[in-house]
Amino acid sequence: METLLEVQNLVKFYGNKTSLTKAVNDISFQVNKGEFTAIMGASGSGKTTLLNCISTIDKVTSGHVLLKGQDITKLKGNALMKFRREQLGFIFQDFNLLDTLNAFDNIALALQIQGKKPDEIKKKVREISEKLNVEETLKKYPYEMSGGQRQRIACARAMVTEPSLILADEPTGALDSQSAGMFLSSLQYMNEALQATILMVTHDAFSASYAKRVLFMKDGKLFHELRKGNNDRKEFFNEIIHVISLLGGDLNHVV
Ligand SMILES: Nc1ncnc2c1ncn2[C@@H]1O[C@H](COP(=O)(O)OP(=O)(O)OP(=O)(O)O)[C@@H](O)[C@H]1O
């Protein structure tokens with residue numbers, strides 16, 4: 001298995017000497033190409049901070065993050081922009097679609113920024129839309145879409161540039177359970193059929209059970225790890241719930 005992401009002794013503290021928050025406190029792990037990993041933990045355990053350090057949105061206090069062997073904590077200016085544009089795909093809780101663009105143009109935007117030619121853009125948008133079953137939605141504006149449709153368009157947008165790593169922060173947070181299920185199936189499909197490598201932050205055991213591996217955080221540290229192995233999703237869900245109970249059962253919205 002090829003290692004895609006290596007997080008080495010990552011530390012992120014906020015504040016100063018008088019008021020210090022140890023948001024991420026010496027975390028190390030690796031993600032292989034093609035893995036679908038969930039990061040779980042109670043509110044304030046440091047999940048988003050960890051994801052933001054990996055995505056270069058936040059600067060690390062110390063430690064290293066390597067993507068395909070390149071230390072991305074050292075990137076600056078244009079190199080940093082190029083890295084984010086070409087290597088990462090983002091899916092946020094509130095979708096972050098642009099209201100003034102229809103679905104097609106929302107998906108196409110990342111390719112336009114990369115300077116791709118119109119014909120190639122059309123082809124790529126059509127291809128990913130077919131794969132994620134959103135062709136019917138392409139002419140709609142975000143306000144005309146359901147929450148689930150918006151989230152699947154956000155998936156298509158994250159995938160269309162074929163990034164090395166897809167980062168998702170609480171992607172089902174704003175969805176009802178049926179839309180969440182459909183969206184998570186899309187993520188699973190992106191992972192299994194399209195070999196996308198996905199790192200997803202969630203405090204929801206149901207969402208995490210769609211991943212192949214779950215890392216548990218507590219007080220800024222990695223506390224435990226589960227792998228799905230040959231378990232089916234229900235069995236994996238039960239295992240996740242068991243670990244949450246060991247953590248003190250203090251995760252919210254466990255279903
Ligand atoms: N910009 C910041 N300045 C100061 N402290 C921060 C900042 N961002 C996060 N923190 C603190 O770092 C800790 C970890 O926060 P983080 O948002 O990473 O947790 P989380 O596990 O994602 O929580 P949630 O599930 O509620 O989103 C918290 O104590 C939080 O208050």
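**View 1. Strands E1 and E4 pair in the antiparallel sense.** Five bridges link E1 (3-15) to E4 (62-67), an antiparallel pair. Two strands count as paired if DSSP finds at least two bridges between them, and strands themselves are DSSP runs of type E with at least two residues, while helices are runs of type H or I with at least four, both numbered from the N terminus. Look for Leu 5, which stands opposite Leu 67 in E4. This is a predicted model, in which local features need pLDDT of at least 70 and side-chain atom pairs count only at pLDDT 80 or more, while totals for chains, interfaces and linings use all residues. Residues are numbered from 1 along each chain as its sequence is written.

**View 2. E4 and E5 form a hairpin.** E4 also runs antiparallel to E5 (residues 70-71), joined by two bridges. Leu 66 has Asp 71 of E5 as its bridge partner. Two residues lie between the strands, and Lys 68 in the turn has a positive phi of about 50 degrees. As background, most residues other than glycine have a negative phi.

**View 3. A second hairpin is made by E9 and E10.** Here E9 (residues 213-218) and E10 (residues 221-227) run antiparallel and are joined by six bridges. Lys 218 faces a partner of its own kind, standing opposite Lys 221 in E10. The hairpin has two residues between its strands, with Asp 219 in the turn at a positive phi of about 50 degrees.

**View 4. Thr 56 and Glu 170 are two loop residues to inspect.** Thr 56 sits in the loop between H1 and E4, and its phi is positive, near 70 degrees. Thr 56 counts as buried because it has 20 C-beta neighbours inside 10 Å; the cut-off for buried is 20 or more other C-beta atoms within 10 Å of the residue's own, against 12 or fewer for exposed and partly exposed in between, with C-beta atoms placed from the backbone. Glu 170 lies in the loop between strand E7 (165-169) and helix H6 (177-192), with a positive phi near 45 degrees. Glu 170 also has 20 such neighbours, so Glu 170 counts as buried.

**View 5. The ligand is surrounded by 13 residues.** Among these, Tyr 14, Ala 23, Ser 43, Thr 48 and Thr 49 come nearest; a residue is near if its C-beta atom, placed from the backbone, lies within 6 Å of the molecule. E1, E2 (20-32) and H1 (47-54) each give two or more residues to this shell. H1 provides the largest share, three residues.
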